[in-house]
Amino acid sequence: MKNMVYIQSGGPTSVINSSLYGAYKEAIRHPEEIGHIYGSINGIEGLIEDKLFDLNEENPHDIELLIQTPGAALGTTRRKLPKDINDPVYMQIVKNLQKHKIKYVFVNGGNDSMDTCNKISILCDELNLDVRVIGVPKTIDNDLACTDHTLGYASAAKAVINQIYAISKDALCYKQGKIHIVEVMGRNAGWLTAAADLVPDDGRPDLIYLPENPFNVDEFIQDIKEIHEKKGYGIVVISEGIKFERDMTNAQVDGFGHAQLAGACTELAHIVESRLGIKTRVVELSLLQRANPFLLSRNDRDEAIEVGQLAVTSALAGETGKMIVMKRVSNEPYVARFELVSLSEVANAEQKVPEYMMQDKHRMSDKFREYLRPLIQGNIHLIWKDGIVELTNFKKKIVK
Ligand code: F6P
């Protein structure tokens, strides 16, 4: 009897645990092929350090709650595996795969995590191990190559749109208000920032700044001045990844080598206040974008579950070294089909917002709206207890 291990990696999303749920539910349907279903604690670190736990030992209610629980329920990491395949870390991985009789490995992550997934797959191939490795795509940044979109993006986009819309009702109710600078995650890709363009007209941001376009502070100040003169207030949305001269000397760098970007809105607000004397308010949406069960897209969640299931059926069918991707068939009705691509095609690659999806440097085109609208459809009925949403809390008893 062989076992499986599920690894969550990189930044969480609101539906990363839904893919785990899908994979778990599929795996228990094949007891003759899959024995134990292990979760690796803190991503690949669990497999290196022999910190695995058995999902069947967890409370079944906690398993059911996975589909409304944000964050990575298994624990995650941004640890990058070394280039050198002879590094002792790989021997640790092999030792633990063999110790726990693991035949199926699933890595749920973004482009850096697909590098981890690819390296494990190459390792198993080179050593001729009977192990199948499949990638499950996720990231709110939506920047993975070869796929129409990534799991988690749509729910984060829905959170951005709805929170900005709600905020706008507060922000725009004074005659002489402030300039609100809203900062959205997404690193070098502006997909999530672009979502702000779908806010209805009565709350729609005045200006949107994507990292794909050059950012000039003087032009930004001029844009703000014009908005303020015309309306007396305004909402501008910036991506955390816009590049301007700022002091990054104290910025933290994560294990994948990325600088922590948050905080651009605060710096820009200082510049606006000092140069124009205009009152500003900063709104850093931060984790409420990717840890928000209240604004889940049903479409995103359902796809996340389905892709988790498909990862297991693909591995059982003999596939390995591949990641599942979504290919869009039509917008109305929304139809996407699932395919497999080689991990080497997606590892470390980055997909930016294409020009045809931008109307100009502050607005998105109809093509973008047609692309995003179907993805954010459908709401979720959540399970609550005493006025508080119920969320998974695994005990994680480490297996010997
Ligand atoms: O995983 C992607 C992401 O959510 C980016 O949008 C953001 O820049 C980054 O993660 C933040 O990562 P962390 O929470 O590890 O600081």
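Here is an informal tour of a predicted model, going from its domains to two of its residues.

**Two domains and where they meet**

Start with the overall layout. The domain assignment splits the chain into domain 1, built from 2-140 + 295-349 + 381-389, and domain 2, which covers 153-289. Taken over C-alpha atoms, the centres of domain 1 and domain 2 sit 33 Å apart. Each side brings residues to the contact: 16 residues from domain 1 and 16 residues from domain 2.

How much area is buried between domain 1 and domain 2? It comes to about 1,300 Å², and carbon and sulfur atoms give 60% of that. On the domain 1 side, R78, I140 and L295 do a lot of the work: they supply 55% of the area that domain 1 buries against domain 2, more than any other three residues.

What kinds of residues does domain 1 put there? The side that touches domain 2 divides into 4 nonpolar, 7 polar and 5 charged residues. Even with those charged residues on the domain 1 side, the rule finds 0 salt bridges across the interface of domain 1 and domain 2. Polar contacts do turn up, with 3 residue pairs found across that interface, both residues of a pair being at pLDDT 80 or more.

**Two residues to look at**

Now zoom in on S168 and R132. Their burial values go side by side here.

| Residue | Relative accessible area | State |
|---|---|---|
| S168 | 1% | buried |
| R132 | 18% | buried |

S168 belongs to helix α6, which runs over residues 153-171. With a relative accessible area of 1%, S168 is under the 20% cut-off and therefore counts as buried. The side chain of S168 reaches the backbone oxygen of Y165 at 2.5 Å. Leaving aside residues up to four places away in sequence, S168 touches D202, G203 and I235.

R132 is in a strand instead: β5, residues 132-137. Is R132 buried or exposed? Buried, because its relative accessible area is 18% and the cut-off is under 20%. Which residues does R132 touch, not counting those up to four places away in sequence? The list is K103, Y104, V105, A315, L316, G318, E319 and T320.

For a sense of distance, try finding E355 from R132. The two are 223 residues apart in sequence, and C-alpha to C-alpha they are 38 Å apart in space.

Notes: Residues numbered from 1 in each chain as written. Predicted model: local features only at pLDDT ≥ 70, side-chain atom pairs only at ≥ 80, totals over all residues. Heavy atoms only, no water. Helix = DSSP H or I, 4+ residues; strand = E, 2+ residues; numbered from the N terminus. Buried < 20%, exposed > 50% of the residue type's maximum accessible area, 1.4 Å probe, protein only. Polar contact = N/O pair within 3.5 Å; in protein donor to acceptor, adjacent residues only side chain to side chain. Contact = heavy atoms within 4.5 Å. Domains from an automatic or database assignment. Buried area = accessible area lost by both parts, 1.4 Å probe. Salt bridge = Lys/Arg side-chain N within 4 Å of Asp/Glu carboxyl O. Nonpolar A, V, L, I, M, F, W, Y, C, P; charged D, E, K, R; others polar.
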